[in-house]
Amino acid sequence: MNFSSSSLDFSILPYQEGVNPPVTKPNPGFLTDIGEEGMRALLDRFYMGLFESPIKDIFPSDREEMKKAAQHSADFFIQICGGPAYFNQNRGAPQMRGRHAPFPITPTARLHWLVTFEEALKPIIEQKLSSEENIQSFWNYINVFSQWMINTRD
Ligand code: HEM
C-alpha cells in the first residue's frame, strides 16, 4: 500500500488578457532548501527541456548560448528567492516584461513554458529536496508571473 500523499497543485491558472494579477515572491525557504547549486541545476534542466520543447524557436539555438541563458535565469531566481543580487550585478535591473518584449510570448507559449518547468522540478519533488510548501510557493510565483510576460495573441 502506498501511504505517501502529496498536496502539491501544479494546475495552471487561466490567462485573462489585460490582467496582470498580483505576484507573491517564492518563499526564501525554497532557495535555502535546494541551495544555489540546486537552483542552478534546476535552471539547467529547465533550459535543456526548453531546448527540446515546442517553444524552442524563441530561445537560443546554440547549446552554449542556452547554457548562458540558464545561468542568467538562475541568477534571477536566486535573487527573487532572497539570495544574492546576482542578476542585478550581471544583467542590470530585472524589468522582466521589457526583457521579454522582443520575443512573441503567446498564451500557448506560456503553457509550454510552465509544463517544461514542472518537468524540471520533478527531481526536487521526488527526492524531497524541498518542502511541499516551499515548492508550492515557487510554482505559484511562476504560475502568476508568467501571465505578465504574455505580449502576443496565439
Ligand atoms: C510566459 C512564459 C515565458 C516565456 C515563453 C519566456 C521566454 C523567454 C525568452 C525567449 C528569453 C530570452 C532568452 C533567454 O535569455 O533565455 C527569456 C529570458 C528570461 N526569462 Fe523568460 N519567459 C517566460 C516567462 C518568464 C518568467 C515568468 C520569468 C521569471 C519569473 C522569466 C525569467 C526570465 C529571465 C530571468 C530571463 C533572462 C533575461 C536576461 O538574461 O536578460 N521568464 N525568457
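This section describes the fold, the ligand shell and two backbone features of a predicted model.

The protein contains six helices and zero strands. From the N terminus on, its elements follow the order α-α-α-α-α-α. The radius of gyration is 15 Å, close to the 15 Å given by the globule rule for 154 residues, so the protein is as compact as a globular protein of that length. Along the principal axes, the C-alpha atoms fill a box of roughly 50 × 35 × 30 Å. Of the 154 residues in the protein, 24% are buried. Contacts were also examined by sequence separation. Among those between residues at least 6 apart in sequence, 78% join residues at least 24 apart.

The ligand is surrounded by 20 residues. The closest are A69, H72, F76, W113 and S146. Four elements give two or more residues each to this shell: α2 (63–80), α4 (96–100), α5 (107–126) and α6 (132–148). The most is given by α2, which supplies four residues. By class, the shell holds 13 nonpolar residues. The remainder consists of four polar and three charged residues.

Two residues stand out for their backbone angles. Most residues other than glycine have a negative phi. Q95 is not a glycine, yet its phi is positive, at about 35°. Q95 sits in the loop between α3 (86–91) and α4. The residue is exposed: 10 other C-beta atoms lie within 10 Å of Q95, and a count of 12 or fewer defines that class.

The second case is K128. Its phi is near 50°, again a positive value in a residue other than glycine. K128 belongs to the loop between α5 and α6. With 11 C-beta neighbours inside 10 Å, K128 also counts as exposed. Both positive-phi residues, Q95 and K128, are thus placed in loops that link helices, Q95 between α3 and α4 and K128 between α5 and α6. Three of the helices that border these loops, α4, α5 and α6, also appear among the elements giving two or more residues to the ligand shell.

Conventions: Residues are numbered from 1 along each chain as its sequence is written. This is a predicted model: local features need pLDDT of at least 70, side-chain atom pairs count only at pLDDT 80 or more; totals for chains, interfaces and linings use all residues. A residue is near a molecule or strand if its C-beta atom, placed from the backbone, lies within 6 Å of it. Ala, Val, Leu, Ile, Met, Phe, Trp, Tyr, Cys and Pro count as nonpolar, Asp, Glu, Lys and Arg as charged, and the others, Gly among them, as polar. The radius of gyration is taken over C-alpha atoms; the globule rule is 2.2 Å times the number of residues to the power 0.38. A residue is buried if 20 or more other C-beta atoms lie within 10 Å of its own, exposed if 12 or fewer, and partly exposed in between; C-beta atoms are placed from the backbone. Two residues are in contact if their C-beta atoms, placed from the backbone, lie within 7 Å.
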